[in-house]
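Subject: Structure handover

Hello,

Here is the structure I promised you. Please open it beside this email and follow along.

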Amino acid sequence: VSGGVRVELSRLAQPGFAINGDVTFSDGVTAQWGITNRGELSLAAADPAYRPSREDLQDFQRKLHRLISGGRGY
């Protein structure tokens, strides 16, 4: 599902996170993501049981990497 995931970086820092933002998956579900000060990735949707598809997770990882490396939203 290339292009189906949108990853954004937040301008407001969350306590305990080095960086954080929002992600919208191809099915329209949004979640908050963050990378802790220890380098751990956190992903939290409103529904704790929500699991994005494998394709969406791969797309999220690629776009998050690009966002962190280049500083642009995707």
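Arg6 has its bridge partner in β2: that partner is Thr24. Keep in mind that this is a predicted model. Glu8 also has a bridge partner in β2, namely Asp22. Both pairs are good places to start looking.

Now step back to the strands. β1 covers residues 6-9 and β2 covers residues 17-24. The two pair in the antiparallel sense, over four bridges. As a reminder, strands of a sheet pair through backbone hydrogen bonds, either parallel or antiparallel.

Next comes β3, residues 30-36. It runs antiparallel to β2, and seven bridges join the two. Find Thr24 again: it stands opposite Thr30 in β3. Between β2 and β3 the hairpin has five residues. Look there for Gly28, which takes a positive phi near 90°.

Put the strands together and you have an open sheet of four. The order is β1-β2-β3-β4, with antiparallel pairing. Why is one side of β1 and of β4 left without a neighbour in the sheet? These two strands stand at the edges and each has a single partner strand, so one side of each stays free of a neighbour in the sheet. On average, neighbouring strands of this sheet are turned by 25° against each other, direction ignored.

The helix is next. α1 spans residues 54-70 and packs on the sheet. It touches β1, β2, β3 and β4. The direction of α1 makes about 35° with that of β1.

Last, the largest pocket. How much space lies in it? About 150 Å³. These residues line the pocket:

- Ser10, Gln14, Phe17 and Asn20, among others
- Gly21, Asp22, Gln32 and Trp33, also among them
- Gly34, Ser42 and Ala44, likewise in the lining

Three elements give two or more residues each to this lining: β2, β3 and β4 (41-45). Which element gives the most? β2 does, with four residues. Asp22 is worth a second look, as it lines the largest pocket and is also the bridge partner of Glu8.

By class, the lining of the largest pocket has seven polar residues, three nonpolar and one charged.

That is the tour. Work through it strand by strand, and write back with questions.

Best wishes

Note on methods. Residues numbered from 1 in each chain as written. Predicted model: local features only at pLDDT ≥ 70, side-chain atom pairs only at ≥ 80, totals over all residues. Heavy atoms only, no water. Pairing = 2+ DSSP bridges. 1 Å grid on protein atoms, 1.4 Å probe; cavity = no way out; pocket = protein on both sides within 12 Å on 5 of 7 lines; lining within 4 Å. Points joined across faces, edges and corners; volume = space filled by probe spheres on them. Nonpolar A, V, L, I, M, F, W, Y, C, P; charged D, E, K, R; others polar. Axes fitted to C-alpha atoms, helices over the stretch in contact; angles between N-to-C directions. Contact = heavy atoms within 4.5 Å.
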